[in-house]
Structure formats: C-alpha cells, structure tokens
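These are my notes from going through the model, entry by entry. I began with the pockets and then turned to the rings and the chain as a whole.

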Amino acid sequence: MAIISGKEKIEAAMSWLLQGNHWFYGAESLSKKWVEDRSVDTLSTCGTGIIKYNPEYIEGISFDNTVYCVVHENDHDILMHPFRASELGMDLKVANIAADIVVNLREIAAGFMPPMGVIIRPKFTGWSFEGVYEAIYQEEKEKKTQKFGTQKQSEDKGKGQSHNG
C-alpha cells in the first residue's frame with residue numbers, strides 16, 4: 001500500500017474538486033499557497049491567501065475528509081471571516097467558533113463529509129456569521145457570569161465563619 005503525503009492528498013482533493021460539480025472550490029484552492037505547518041492542529045487560514053495545514057493531520061484522515069477540509073478553509077476566505085472578525089473587533093476565539101459553525105453547516109448541507117470533531121450546531125442553520133458570533137458570545141458571557149456567581153457564593157458562604165481546629 002502506497003503512503004500518500006499530506007501535500008499529495010491536498011493536491012488530489014483540489015484536482016477532484018476541479019473535475020466535478022465543485023470546480024469553483026478547486027479553482028479557488030489553486031489560488032492559495034498551501035503551507036505545511038506542524039504547529040497547526042489541523043488547518044488554518046488568516047484570509048491572506050495562505051492556508052496552513054498539519055501534514056500529519058491530513059495523512060490521518062480520509063480522502064473525503066481532506067476534500068471537506070480544503071473546501072472548509074476556502075469558504076472561510078470566500079466568506080471573508082478573518083477580515084470581518086478583525087474589522088468588527090470581534091473576540092477572535094469566539095469568532096473562530098462562529099465561523100466554523102457557519103462553514104461546517106454549509107459544507108454538510110452541500111454533501112461534504114466532515115472529519116470527526118468538527119463543531120456542528122444545527123440550530124444555527126441559515127444564520128449569518130455575525131448572528132452566530134453574537135449568540136456564541138452571549139453564551140460565553142453567561143457561562144462566565146454563572147461561574148463567577150458560583151465562585152462568589154461559595155466565597156460568601158465561608159465569610160464570618162471561624163475555623164477552629
């Protein structure tokens with residue numbers, strides 16, 4: 001059995017996209033610079049035409065999952081997620097989660113096969129990136145408030161009590 005490198009697998013995925021109904025993603029992929037980067041867990045884009053990928057991650061997933069990842073990263077750039085997040089002053093961690101949710105739902109609806117572990121939140125189907133961001137941002141804010149409130153209550157319960165041992 002021949003071992004195919006991460007780079008060869010990505011190139012094969014781009015070729016497959018060019019030859020089928022998803023030729024646009026194949027063409028878009030060719031306009032990018034694909035850079036091996038083992039410091040990246042999976043793949044990443046910052047919207048500047050450079051997509052970084054971990055070759056070991058790509059080698060460990062199926063061909064269908066690789067096609068999904070190529071389309072996924074291209075969609076972030078096409079939808080201008082990095083630019084929009086920066087321009088709107090978004091919390092980048094929350095923006096990345098929101099962007100992944102939007103893109104994952106699009107790719108799954110288009111019939112692409114996601115790798116294990118992608119974030120799928122069906123309740124956000126059809127929502128804009130900004131709408132999902134706002135909802136996730138509020139969820140995170142509420143979690144922090146609840147966590148802080150629980151910590152505060154436990155600190156308050158301990159006040160005024162003597163601990164003689």
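I looked up which element gives the most to the lining of the largest pocket, and found α6, with 6 residues. The model I am reading is a predicted one. I then took the pocket itself: its volume is about 700 Å³. I counted 30 lining residues, of which L43, S44, E73, N96 and D100 are the closest to the pocket centre. For the elements that give two or more residues to this lining, I noted β2 (43-45), β3 (50-53), α4 (63-78), α5 (81-87) and α6 (92-109). L43 and S44 fall within the range of β2, E73 within that of α4, and N96 and D100 within that of α6. Sorted by class, the lining has 17 nonpolar, 9 polar and 4 charged residues.

Next entry, the second largest pocket. I have its space down as about 180 Å³. I listed its lining as D91, K93, V94, I97, Y137, E140, K141 and K144. Two elements, α6 and α7 (129-158), give two or more residues to that lining. α7 has the largest share there, with 4 residues. By class I get 3 nonpolar and 5 charged residues in the lining, and no polar ones. I note that α6 is on the list for the largest pocket and also on the list for the second largest.

Then the aromatic rings. My search of the whole structure gave 5 aromatic pairs. One of them is F124 with W127, edge-to-face, at 4.7 Å centre to centre and with 80° between the planes. Are the two residues of this pair buried or exposed? F124 has a relative accessibility of 2%, so I put it down as buried. W127 has a relative accessible area of 40%, so I entered it as partly exposed.

Another pair is Y133 with Y137, which is stacked, at 5.7 Å centre to centre and with 25° between the planes. I checked where these two sit: both are in helix α7, and because they are 4 residues apart, about one helical turn separates them. Y133 is buried, at a relative accessible area of 8%. Y137 is partly exposed, at 34% relative accessibility. Y137 had already come up in my list for the lining of the second largest pocket. I also found a cluster, in which ring pairs link W23, F24, Y25 and F112.

Last entry, the chain as a whole. I count 7 helices and 3 strands in the protein chain. Along the sequence they follow the pattern α-α-β-β-β-α-α-α-α-α. The chain has 165 residues, and buried ones make up 34% of them. I also looked at contacts between residues at least 6 apart in sequence, and 58% of these join residues at least 24 apart.

For confidence, I noted a mean pLDDT of 89 for the protein chain, with 88% of its residues at 70 or more. I marked residues 160-165, where the pLDDT is below 50. Beyond near neighbours in sequence, that stretch has 1 contact in the model.

Definitions and conventions
Residues are numbered from 1 along each chain as its sequence is written. This is a predicted model: local features need pLDDT of at least 70, side-chain atom pairs count only at pLDDT 80 or more; totals for chains, interfaces and linings use all residues. Side-chain values use heavy atoms; hydrogens and water are left out. On a 1 Å grid over the protein atoms alone, a cavity is a set of points where a 1.4 Å probe fits but cannot get out, and a pocket is an open set with protein on both sides within 12 Å along at least five of seven lines; lining residues have an atom within 4 Å of a point. Grid points are joined across faces, edges and corners, and a volume is the space filled by probe spheres set on the points. Ala, Val, Leu, Ile, Met, Phe, Trp, Tyr, Cys and Pro count as nonpolar, Asp, Glu, Lys and Arg as charged, and the others, Gly among them, as polar. pLDDT is the predictor's confidence in each residue, from 0 to 100. Contact means heavy atoms within 4.5 Å. Rings of Phe, Tyr and Trp (its six-membered ring) pair if their centres lie within 6.5 Å; planes under 30 degrees apart count as stacked, over 60 as edge-to-face and the rest as tilted. Buried means under 20% relative accessible area, exposed over 50%, partly exposed in between (1.4 Å probe, protein chains only).
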